[in-house]
Amino acid sequence: MKILMVSSEAVPYAKTGGLADAVSALSISLAKLGHDVRIVIPRYYPIDRSSLTLLPDAMGTPMGGGIEEWSAVYTTNMPGADKKNPVKVYFIDHEIFFGRDGIYGSPVESDFIDNSRRYIFFCKAAFQLCRKIKWYPDVLHAHDWPAAVAPVYLKFAERVSGIKGEFENTISILTIHNLGYQGIYHKDNFDYAGLGWDVFYNAGFEDWSMLNMLKAGLYSADKINTVSPNYAEETKHEAHGFRLDGVLRYRSADYQGILNGIDDVVWNPEKDTYIPENYSVKNMEGKAKAKEALQKEFGLPMDSNVPVIGIVTRLTDQKGVGELFGPTYGSAWSICRDMDVQMVILGSGEHWCESEISSLASRLSNFKAKIGYSEKLSHLIEAGADFFLMPSRYEPCGLNQMYSLAYGTLPIVRSTGGLVDTVENFNEDTGEGTGFMFEQLNPSSIYNTVGWAVWAWYNRRDDITKMQKRGMTKDFTWESSALKYVEMYNDTFKALGIKVKA
């Protein structure tokens, strides 16, 4: 199949979160299966043009009110892809929209006021790119709200009035990576799309007199998916639906969850170059070395008998930081005061939380923190910690719990989203499981579940070892996820009566 990934992010070029990792990893995995996969993203200001190849003869994009001229189109091959099955990446270079610091906003302007126009243009430009390179996809795969208008253009413009031989047999897939971000802006911006106001209402843009880009994509895409089966079910209910649960129930026959994978080259204790000594499920000695290095790095006593609880997170409400670091009994303060543990954290985000964490680190000898992000430290925490704490409010898929399992580090998680699909709760009667789970997000639940894990550490060490090894044998590779995407593509072709040429 010819597959076009339309995304606002892709590593290593532009990243604010897991979306960028998922798009690139999925594309590489699909290419390894023999598909012709290409990615289109904006050429943001920090992306160095000197490392890219300029395509000749830039072309304009017809938008409401006239032609939007492109500055240029650049291309390169995705690093990490197989040379026999390369993944081409195209960059839409438009200085007015994308030649600025920041992807969606900046420290001064957290959400650019013209984001709706920036990404509506980007979605339309994806079709113009295909015309420019004379390559028409079988699958247009859009990711999250910045790309959600692409399925709208396909359904209401390209299939209806497009040129024969271009997009009439193209199917559209929209993947929700996080339903909490929807691209909601004033509806006065809709004229710029050049689609007509009948489409505004028929495609589902309307959202309480505002324009909702993700909602329109959910109505217009041929199939919809999100990044874990459990999150797909959760989002059909009010508690996790962010006001779009009704739309997802309406589209439930075309909506499914496919679990994200992890990069088993980068996140693999047998190959990891960031940790002191590689290890495997057959020889765990390297994990003990990583624990020593972690304790030394954070200035903790180097004691192998004391369990280390690791945290790598964005310090935002979604991650449960209010419950974990607030001034309530049962929070991190209580855990470190009452239990014989060590806790290390790496993260950044909300100012109050950064300040509280710094304060805790100054008052507690067994709690240490580093504000910011470090790839090396995140690998060391995953390898060196005994437990990994994720008290998420919601978690569409989650990656850190899968990293933890791969490294023999037992997750302590809330039973939500993809955490339910990847972590098996400890069974005291049988000793089975791969982690520890709790239902309610509150300080008491976190405290009690951490206490349960610590009790198991000191009293059921054989079970802990078996759980570590069980987790390390789980298959969370992108290859298995890519096969499920291929199955979804094929199901969509069949549903629409489209036959794909071999």
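Begin by selecting helix H3, residues 115-133, together with helix H5, residues 149-161, which in this predicted model pack at an angle of about 60 degrees with their axes 8 Å apart. Angles of 65 to 115 degrees would count as roughly perpendicular and those under 35 degrees as roughly parallel, and H3 and H5 are therefore oblique to each other. With both helices in view, the handedness can be followed on screen, where the crossing of H3 and H5 is right-handed.

Next, show the side chains along this contact: on the H3 side, display Ile120, Cys123, Lys124, Phe127 and Arg131, which meet Val149, Ala150, Tyr153, Leu154 and Glu158 in H5. Coloured by character, the residues of the contact of H3 with H5 divide into seven nonpolar and three charged, with no polar ones.

Now move along the chain and select helix H11, residues 285-297, with helix H15, residues 375-384, a pair that packs at an angle of about 125 degrees, the axes lying 8 Å apart. That angle makes H11 oblique to H15. Turning to the handedness of this second pair, one finds that H11 passes H15 in a left-handed crossing.

Which residues make the contact between H11 and H15? From H11, select Lys287, Ala290, Lys291, Ala293, Leu294 and Glu297, and from H15 add Leu377, Leu380, Ile381, Glu382, Ala383 and Gly384. When the same colouring is applied here, the residues of the contact of H11 with H15 divide into seven nonpolar, one polar and four charged.

Terms used: Residues numbered from 1 in each chain as written. Predicted model: local features only at pLDDT ≥ 70, side-chain atom pairs only at ≥ 80, totals over all residues. Heavy atoms only, no water. Axes fitted to C-alpha atoms, helices over the stretch in contact; angles between N-to-C directions. Helix = DSSP H or I, 4+ residues; strand = E, 2+ residues; numbered from the N terminus. Parallel < 35°, antiparallel > 145°, perpendicular 65-115°, else oblique. Left-handed = near helix turned anticlockwise from the far one by under 90°. Contact = heavy atoms within 4.5 Å. Nonpolar A, V, L, I, M, F, W, Y, C, P; charged D, E, K, R; others polar.
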